[in-house]
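Please work through the exercises below with the sequence and the structure at hand. Attempt each task before reading its solution.

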Amino acid sequence: MNTLIKKHRKLKNMKIKFNLFVGLLMAVLGFACSDDNDGGVQTTAVTVTLNYPEGVAAQEGAKVTVRNTVTDASFDGVTDANGSALFQLPAGAYEASASETRTVDYETYVYNGINSAVTVTTGTPVSVKINMIASKSSALLIKELYIGGC
């Protein structure tokens, strides 16, 4: 009977230890999963505006990419009707680029631009301008190709 009491006490101690362990684990998980965002990543509003050549109006839908030059993280967006795209970015050094293709009177124009000097600091909204450069795309047609030899 003495061994039965010892086994019962041992089992009771194990249950107490197990319950303490589960309670401690639940407390740790409860604090770890709290809804506190104070330690999260702070972002800043960054507005990228495209400047087109004279006589060319901004259009909605131009692709804008902002890339972190340190981490290589990339953020994509499209412009609104005013030629602007809005991003929420963490602090860092960035490169902003844009590209757009338009067809006017059966001719295709490609507009490209880049701004490599974009610095974002926490809490200070940033405005970035990209000067778009136009190039006319054309098809190359080789009608005949002569190869001479001996």
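The exercises that follow treat a sheet, a pair of rings and two threonines.

The model is predicted: local features need pLDDT of at least 70, side-chain atom pairs count only at pLDDT 80 or more, and totals for chains, interfaces and linings use all residues. Residues are numbered from 1 along each chain as its sequence is written, and side-chain values use heavy atoms, with hydrogens and water left out.

**Exercise 1. The sheet**

Task: State the order of the strands in the open sheet of three strands, and identify its edge strands.

Solution. Step 1: Strands (E, at least two residues) are DSSP runs, numbered from the N terminus. Two strands pair if DSSP finds at least two bridges between them.

Step 2: The order in this open sheet is β4-β1-β7, with mixed pairing. The edge strands are β4 and β7, each of which pairs on one side only. From one strand to the next, the twist averages 25°, where axes are lines fitted to C-alpha atoms and angles run from 0 to 180 degrees between N-to-C directions.

Step 3: Six bridges join β1 (residues 43–51) to β7 in the parallel sense. In this pairing, L50 stands opposite I130 of β7.

**Exercise 2. The two faces of a strand**

Task: Determine which side chains of β7 (residues 126–131) are buried.

Solution. Step 1: Buried means under 20% relative accessible area, exposed over 50%, and partly exposed in between (1.4 Å probe, protein chains only).

Step 2: In a regular strand, side chains alternate between the two faces of the sheet. In β7, V126, V128 and I130 point to one face and are buried, whereas S127, K129 and N131 point to the other and are not.

**Exercise 3. Two rings and a charge**

Task: Classify the ring pair of Y52 and Y111 as stacked, tilted or edge-to-face.

Solution. Step 1: Rings of Phe, Tyr and Trp (its six-membered ring) pair if their centres lie within 6.5 Å; planes under 30 degrees apart count as stacked, over 60 as edge-to-face and the rest as tilted.

Step 2: The structure holds two aromatic pairs. In the pair of Y52 and Y111, the ring centres are 5.7 Å apart and the planes stand at 80°, so the pair is edge-to-face. Y52 lies in the loop between β1 and β2 (63–68) and Y111 in strand β6 (residues 107–120), so the pair ties together parts 59 residues apart in sequence. Both Y52 and Y111 are buried.

Step 3: A charge sits over a ring if NZ of Lys or CZ of Arg is within 6 Å of the ring centre and within 35 degrees of the ring normal. R102 lies over the face of Y52 at 4.8 Å from the ring centre, and over the face of Y111 at 5.3 Å.

**Exercise 4. Two threonines**

Task: Find the polar contacts of the side chains of T79 and T65.

Solution. Step 1: A polar contact is a pair of N or O atoms within 3.5 Å; within protein, one must be able to donate a hydrogen and the other to accept it, and residues adjacent in sequence count only if both atoms are side-chain atoms.

Step 2: T79 is in the loop between β3 (74–78) and β4 (84–90), and is buried at a relative accessible area of 3%. The T79 side chain reaches the backbone oxygen of Q59 at 3.2 Å; a polar atom of that side chain lies 3.0 Å from the backbone nitrogen of A62.

Step 3: T65 is in strand β2 and counts as buried at 17% relative accessibility. Its side chain is joined to that of D76 by a polar contact of 2.9 Å.

Technical notes:
Helices (H or I, at least four residues) and strands (E, at least two) are DSSP runs, numbered from the N terminus.
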